[in-house]
Amino acid sequence: MVAELRRHGLLAAAAPAADGGLGLAHEPEDPLRLVRMLTLIGRANLSAGRLLEGHVNALKLVAIHAEGEARSRLLGVARSGGLFGVWGAEGPHPVRLAPTGDGRLELTGEKLFASGADTVDVAVVTAKSTDGTTLLVALPTATLAGRLFPGEWSVSGMKATASGRCNLDGVCIDPNDLLGGPDAYFREPWFEGGVWRYAAVQLGGMYAIAGHAADQLRARRQATAPLQAARLRRMVTACETARLWVASAALATEAPAAQPATARVAVLARLEVAEAAVRLLQLADEAMGAASFALAHPAERVRRDLQLYLRQADPDGMGQRAMERILDDDEERRRWGIG
Ligand SMILES: Cc1cc2nc3c(=O)[nH]c(=O)nc-3n(C[C@H](O)[C@H](O)[C@H](O)COP(=O)(O)OP(=O)(O)OC[C@H]3O[C@@H](n4cnc5c(N)ncnc54)[C@H](O)[C@@H]3O)c2cc1C
């Protein structure tokens, strides 16, 4: 899966144009090109889309924050088709970073949901420093032998992402391995503003399900039966709603002059895509019936993958924070028509 992404140059394409890529990860000339790429890969395989999206996210962080020798080293890995990921999710032992006394920094704790734990070449990991701020560390996974547990990812969907655990107890790093300063990770519109990217991948899953439903209805000569045709129409409009929101969010947040508040467009898009996807899954189940639950049915795995992928990440919290910010700001209230 990852080898295919690499072979077609999609991994290297995320590096900045000045560094040998196509500049797709950060403020691309045509953000809709990145939307199409993520959606197409998501349509083919949601796990591949998830890995590609994490890769793009990581390379955006590298493009924005990496400096000096670390920057050239990381972009060299990207140019040669290395796979990157961002591991932020914490478990019961959150990752911390503290000085060792000899000028180095020591990590402790564990990451959960480390997508690509079996395939990523460089993981960008978040770590809380002693002053309570969050720092970003770029870690080559070659240095993490025995610390990655992809096999612990035992779930019903998105199996191929191998989003297992990563133990970082006692890993020492050089301060030059840090990307950006304190809390650089949370800078908007790049943090929550980036959620449109996984919505774009999820849209691919929506197209896949709608396509399988249309195929089955045509094969059974039911596509024009009134109830089935109405379901297909609603699936098509769910996809189009999602596509319009994702496109709007990509254009807003990837514009070079984008302000932090544009992150809200991405959050609302991500939530609207999830609602559209849930509607679509329900309609597809009704349209295809019991046959689509057969393990050999082409929609069966996509359904499981999409249902789990929609859980990434913290949709309730994201929606709540977005509405609080919109309500607190005159301009944002006007932007969303409630001012
Ligand atoms: C396929 C996949 C790949 C992923 N890959 C990565 C990755 O590479 N890197 C990474 O960093 N993360 C990754 N994640 C993890 C993701 O970022 C989330 O951490 C993860 O999905 C858990 O989110 P959740 O909202 O389900 O969890 P939970 O926090 O367990 O939420 C479950 C429910 O409880 C509610 N809830 C939570 N807290 C409270 C509370 N205090 N009071 C009341 N209700 C509450 C939530 O709103 C939600 O409804 C991945 C997730 C998936 C599904």
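Visitor: At what angle do helix 5 and helix 8 pack?

Guide: Helices here are DSSP runs of H or I with at least four residues, numbered from the N terminus. Axes are lines fitted to C-alpha atoms over the stretch in contact, and angles run from 0 to 180 degrees between N-to-C directions. Helix 5 (residues 195-219) packs on helix 8 (residues 298-309) at about 150°, with the axes 10 Å apart. This is a predicted model: local features need pLDDT of at least 70, side-chain atom pairs count only at pLDDT 80 or more, and totals for chains, interfaces and linings use all residues. Residues are numbered from 1 along each chain as its sequence is written.

Visitor: What does that make helix 5 and helix 8 to each other?

Guide: Under 35 degrees counts as roughly parallel, over 145 as roughly antiparallel, 65 to 115 as roughly perpendicular and the rest as oblique. Helix 5 and helix 8 are therefore roughly antiparallel.

Visitor: Which residues of helix 5 and helix 8 make the contact?

Guide: Contact means C-beta atoms, placed from the backbone, within 7 Å. Helix 5 brings Q202, G205, A208, I209 and H212, while helix 8 offers P298, A299, V302, R303, D305, L306 and Y309.

Visitor: And at what angle do helix 7 and helix 9 pack?

Guide: Helix 7 (residues 263-288) meets helix 9 (residues 315-328) at about 135°, again with axes 10 Å apart. That makes helix 7 oblique to helix 9.

Visitor: Which residues meet there, in helix 7 and helix 9?

Guide: From helix 7 come R264, V267, L268, L271 and A274; from helix 9, P315, M318, G319, A322, R325 and I326.

Key:
Helix = DSSP H or I, 4+ residues; strand = E, 2+ residues; numbered from the N terminus. Contact = placed C-beta atoms within 7 Å.
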